[in-house]
Structures are given as structure tokens and as C-alpha cells.
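Please open the model in your viewer and keep the sequence beside it, since this tour moves from one selection to the next. At each stop, take a moment to look before reading on.

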Amino acid sequence: MKALSKRDLARLERELVVCLTEACETAKSEIVGFTWLTHRLAPDNFPASLRITWVFEQEADKDAAVAGAAKARMLELTAQALSEAGVHLDHVAWHVRFDSEQACQRSHAGDWDRRLLGR
């Protein structure tokens, strides 16, 4: 796919922030231990590079959510947010990750930028 122009990237980022923020606020009230989410993308490899990370406070809360019905709810909220932002993916689950503050602190000393870049 062709790289996003600066203008298209700025529009997409604004839309994603608005729609994912709404999903985040909904999830905070529904899913035990969930605290925030974020996204990353590489403009020259969109949409394949899009990654949405759902973050829990504790690893145990993340594990419980991913093993239960909450996982389907998070994927549903993600798909809805992406659709509202005009992003259509065949397999939303491939673009979603689950993580925890506890795991980031343990392995990356709380450095989310480094963790999300996989370093």
C-alpha cells in the first residue's frame, strides 16, 4: 500500500485518538484492571503496521481478561473504534496486543516507548 501523506496521517491520527479514547473510557467502566490503551503505526506500512495495545495495571488482571469474555469485548470495542475512524481491517485481532504496567515495569523499567517498539 502507498505511504500515507502527512495530511492523511494527521487526519487518521486525530480520528484514531478520538475513537480509541471512546473505546478506552467504555472499557475502563466494564473491564476489571484495565487502565489505558495506545496505538502505533508506521505511515509507510499502514494498515499492516497498526498496533493497538490494551494495558492493565496488573498482569493477573490482564491474564484473566484475555482468558475470559473481556477479550472479545476489547476486540469488539477496537473494531468499532477503527470502523468509526474509517479503518477497515480483515482481522482486527492481529493488530491488538494486551500488556500490563507490572510487566513493563519489570522488563523495561516502566519505559513504554521502548517496550512498544520491542526493544
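## Starting at a serine

Begin by selecting Ser100, which you will find in strand E3, the stretch made of residues 96-100. Keep in mind throughout that this is a predicted model. Is Ser100 buried or exposed? Ser100 has a relative accessible area of 0%, and because buried means under 20%, this residue counts as buried.

Now show the neighbours of Ser100: leaving aside residues up to four places away in sequence, Ser100 touches Val55, Phe56, Glu57, Gln58, Glu59, Lys62 and Trp112. Add Ala103 to the selection as well, and you can see that its backbone nitrogen lies 3.0 Å from a polar atom of the Ser100 side chain.

## Along helix H2

Two of the names just met, Glu59 and Lys62, lead to the next stop, for together with Ala65 they are the buried residues of helix H2, which runs over residues 59-67. If you turn the view until you look down the axis of H2, these buried residues fall within an arc of 130 degrees, and so they line one face of the helix. An α-helix has 3.6 residues a turn, so residues three or four places apart point the same way. On the face of H2 turned away from the buried side, select Ala60, Ala64 and Ala67, which are exposed. What do the buried residues of H2 pack against? Their partners are strand E2 (51-56), helix H3 (69-84), E3 and helix H4 (101-108).

## Around helix H4

Select H4 next and colour Ala103, Cys104 and His108, which are buried. These residues cover an arc of only 100 degrees around the axis, which puts them on the same side of H4. Gln105 and Arg106, by contrast, are exposed on the other side of H4. The buried residues of H4 pack against H2, E3 and helix H5 (112-116). Just after H4, pause at Ala109, whose phi is positive, at about 50 degrees.

## A pair of helices

For the last stop, show helix H1 (residues 6-30) together with H3, and look at how their axes come within 8 Å and cross at roughly 155 degrees. The two helices are therefore roughly antiparallel to each other, and their crossing is right-handed. To display the contact itself, select Glu15, Leu16, Cys19, Leu20, Glu22, Ala23, Thr26, Ala27 and Glu30 on H1, and then Arg73, Leu77, Ala81, Leu82 and Glu84 on H3.

Definitions and conventions. Residues numbered from 1 in each chain as written. Predicted model: local features only at pLDDT ≥ 70, side-chain atom pairs only at ≥ 80, totals over all residues. Heavy atoms only, no water. Helix = DSSP H or I, 4+ residues; strand = E, 2+ residues; numbered from the N terminus. Buried < 20%, exposed > 50% of the residue type's maximum accessible area, 1.4 Å probe, protein only. Polar contact = N/O pair within 3.5 Å; in protein donor to acceptor, adjacent residues only side chain to side chain. Contact = heavy atoms within 4.5 Å. Arc of directions from axis to C-beta. Axes fitted to C-alpha atoms, helices over the stretch in contact; angles between N-to-C directions. Parallel < 35°, antiparallel > 145°, perpendicular 65-115°, else oblique. Left-handed = near helix turned anticlockwise from the far one by under 90°.
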